[in-house]
Amino acid sequence: MAEKPDVLQGTLALMVLKTLDMLGPQHGWGIARRIEQISGDILTVNQGTLYPLLLKLEHEGSIASQWGASENNRRARFYRLTAAGRKQLQAETHDWEQTAAIIARFFNVKAEDLA
Amino acid sequence: MKSLRRFLIRLANFATGQRADQRLGDEMAEHLAFQVDENLRAGMSLTEARRQAAIKLGAAEAIREQHHAEQSLPFIESLFADLRYAVRMLLRSPGFSLIVIATMALGVGATTAIYSVIDATLLHPLPYSHPSELVHIEANLPGVGARDVGISIPELRDLQNSGIFQYVSLSFFGTNDLTGSAQPMSIASKSVSPSYFAVLGVDAQLGRTFDPHDATPGFNLEVVISDGLWKRAFGADPHILGKTLRLDNDTYHVVGVMPASFRDQGQNSDERSADLWAACGFFGDPAPAPMRGTRFPFEAIARLQPGLSPQAAQGRLDALVASLKKQYPADYPSQGAWTLHLTPLAETLVGNVRRSLILLFGAVGLVLLISCVNVANLLLARASSRGREMAVRQALGAARMRLIRQLLTESLLLFVLGGITGFAVLFCAQKFLLQFVPESMPRLNDISISWGVLAFAIVVSVAAGTIFGLAPAWLTSRLDLTATLRQEGRGSNGSRRRSRLRQVLVIGELALSLVLMVAAGLLLRSFWDLFKVQPGFNPTRVVAIETSLPNPNDPKTDIYHTATQEAVLLREVLRRNRAIPGVEETAVSDRAAIPLGHSQNDRRAVPLFREGQEVQTSQPPQIDTAVVSPEYFHLLGMTLLRGRLFVDQDLETTPLVAVINQAAARMYWPNQNPVGKRGRLGGLGRQRPEWITIVGVIADARTESLAAAGIPQVYLDIYQRPAKFLAFYLRGQVDPAAISAQVRTQIQAVDAELPVFRAETLDDVLSSSLSVRRFSMEMVALFAATALLLAGLGIYGTISYLVNEQSREIAIRLALGAQRRNILRMVLRQGLGLATAGAAVGLIGALIVSHLMAGLLFGVSPYDLSTFGGVTAVLTAVAIAASYIPALRAMRLDPITTLHSE
């Protein structure tokens, strides 16, 4: 059985921010599950990376968290995007798109284009 | 910004010990529950759902650890853990820790002590604002070999108008008699041109200083006094301003009091502790008319325009000199080659002690290096006993870098504790230690153990700890796991490497201490030679006591204006002094004639015009003069070589006569008999100086400096040439403590307004003239002794270690019938081998160092064979003695117990 790849280092933060932006406040498991679903279950989210990352983003002020009740009335810690986090998401999205566009251009280029 | 916020939160969490374990635990439980729910929904059984959920979550402990790492600052946390561990290790072997801390305290303490002196003198020599703008201006006549000939008033004005300087000032150091209080006092004072304080950029704490634009011709009868004098003589009177002072029978007004922190600048400690400043234009009474050729032998200092470098200023000054020469060719004859030379003021102040201080800093640096090497050696020795501990830690998964970090923390703790101990001892003992610093050291009063010095001590200990802790940590953590665990490190690869490093370290230590010992030996020899040098005069049982006659600005009010007037006083005081019980001989001279007197400032070189040679050059050579009474030569045991000495018949009314020393005869009347030759001594006199006939030649005496023989000197008769600053000499069986009061009574019985001060035996004067040399000699000798002790300990430790390592081999040899004598010899040979290698390396270093310090030596070659040989012998002897104890232990080894214990 082939190992599912872990989320690429550094991109997880962006995915977390995007998920929270899209779906509103979420708990840890919810974020992990959504990321896996959106990737079409190609990626797995390592919990050993996820929780420290959430703490880091919280320390940086991009997200905030508080205890709340989940849909099936379980006590859970909910993370939500802050204003600063939204700004960070925009900036990083822009950067990422730019990088992706450059990479895409490299892949699409053909020898005769350069002649 | 974001990362700063993150760091601060983590720091706060770390500091408050806040942990997020509970929160994470809850979150994980909830996470698991969600996953189980999902798995159940996917149709798993409950057990399977839980199992799969746990698998998906991964290692809970690892998550917790990573989470905690994010919550707090893991680096600092482990540092604290290391520190805690280091403290425990330190307490577990208190003997070892004590030795290491004491060694480092010695090294860092000594280095810091010397640094504090250097900090005050070399690094901050001028306690004024923008000290780099301050320069000293020296006028030279290289064409006739005359230096520092002084500056005339028209030249001063040219300098002031040149645009190179903000302010230029002349100053003249002397003493004044302050009368009117209970006891007449002699006050160290400076006559300064009004811009003096503007040059230094200082202001008064009370009242004002002089107005730089003040243009008084003579003294403007205003004085500024020091805080010290204000408190001493006037009880810190808040209404002092405007009060009058009687100085040399003239009346002055006090216009300002300088702040307590103000120290004057100057070449010697007397000058730097000046207590009074009087403003003078130097172109009216008592000074002669302002002629371009009338140069004052005064000190000229100036403040450069902001941003102008001394080099650039020198360039502009050279241009000015060239244009002045063109404009006034008669005043600057071409053979004199008049030049003006700028020197940063800081350099002129510390120039004479710089070399000594650098030598001391070098010596103390070597001591520090040796202490570090010694400690590194001790750390390596301990490494062998901790091999098992390191192996176990590595076996349990500790990374090598982590082990090195921990070991480094341990050694840094020891080094820093040592450094702080050294600093603390220094801080507590600073009063005591400062007594040993010679008084002639510039800025002695400003030497202090400050924050800067503490920072220096800590930086030095941390740097030393890092450098010398790294190698032992590296080697301690590098080991062959299985071998070490199996046989406790004995004979393993790492231990062999360690023992090689230890030998290298000991060789280095021995070499360094040899260098220091050679330096100390050479200085000791120089000092001894200086001490034993025949000074050419006999200082024993002679006391010199100073007084000064008032020198009022108007010569008409001077009751001691002529030699005849003064002679009455002198003869009466001499007669009374001779009557003091125990006194055998008495004499009097001016202050410049005090042999090796510290007032070098009184040594005034004056131009010497020789009869028959004046046609060639109008720029005569400069010669030192002294004014003495006829008994002076006999009292000091100076021998007459030719002609005669002064006699009672030489009076103001008879032709002027002079006695010169052999050096002057050799230099100015070579290959001829100078007796009967005539010359003129120039000076500030307004009339043409009179002819003086040389009547005698005396043997050279080292009255200027013990290290310098044969400085040309001309002596004049005090009954022909009056002098204001006098020293009375008494030879005989007198008590130096009581004599001062006795002589004061006698002098003041003749004139109650004369101050009497500074009674010193000539032996004391002679010995304090060597004070800087003695200080550096003693310090270097002390450092060398310390170095030798440390090196001895180092070689002892290393040989003991080697014997320990080889105990099995020695036991086998003994069991097989080896002679115990041979074992002893074998161990001693190892010690001797180290000593030889150390000495060889050290001798090369010593040759370089002794070459560098040649300028500090006297009478001994920097490559003095006996010093080098003697020092090498001492070092070898110490090395053998230090190896002897472990060698004896090796010899007495009991083969049976040793082999059994293995």
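Helices H5(B) and H14(B) are oblique to each other, since their angle falls in none of the other classes (under 35 degrees is roughly parallel, over 145 roughly antiparallel, 65 to 115 roughly perpendicular). In this predicted model, local features need pLDDT of at least 70 and side-chain atom pairs count only at pLDDT 80 or more, whereas totals for chains, interfaces and linings use all residues. Residues are numbered from 1 along each chain as its sequence is written, and chains are lettered from A and ligands numbered from 1 in the order in which they are written.

The two helices, which are DSSP runs of H or I with at least four residues, pack at an angle of about 60°, with their axes 9 Å apart. H5(B) passes H14(B) in a right-handed crossing, the near helix being turned clockwise from the far one by less than a right angle. The residues that make this contact (C-beta atoms, placed from the backbone, within 7 Å) are listed below.

| Helix | Residue range | Contact residues |
|---|---|---|
| H5(B) | residues 74-92 | B:Leu79, B:Asp82, B:Leu83, B:Tyr85, B:Ala86, B:Met89, B:Leu90 |
| H14(B) | residues 400-434 | B:Arg405, B:Gln406, B:Thr409, B:Glu410, B:Leu413, B:Leu414 |

Of these contact residues, 8 are nonpolar, 2 polar and 3 charged.

Chain A has 5 helices and 3 strands, where a strand is a DSSP run of E with at least two residues, and their pattern along the sequence is α-β-α-α-β-β-α-α. Because its radius of gyration, taken over C-alpha atoms, is 17 Å, well over the 13 Å that the globule rule gives for 115 residues, chain A is more spread out than a compact globule; the rule is 2.2 Å times the number of residues to the power 0.38. The C-alpha trace of chain A spans about 65 × 40 × 20 Å along its principal axes.

Methods. Axes are lines fitted to C-alpha atoms, for helices over the stretch in contact, and angles run from 0 to 180 degrees between N-to-C directions. Two residues are in contact if their C-beta atoms, placed from the backbone, lie within 7 Å. Ala, Val, Leu, Ile, Met, Phe, Trp, Tyr, Cys and Pro count as nonpolar, Asp, Glu, Lys and Arg as charged, and the others, Gly among them, as polar.
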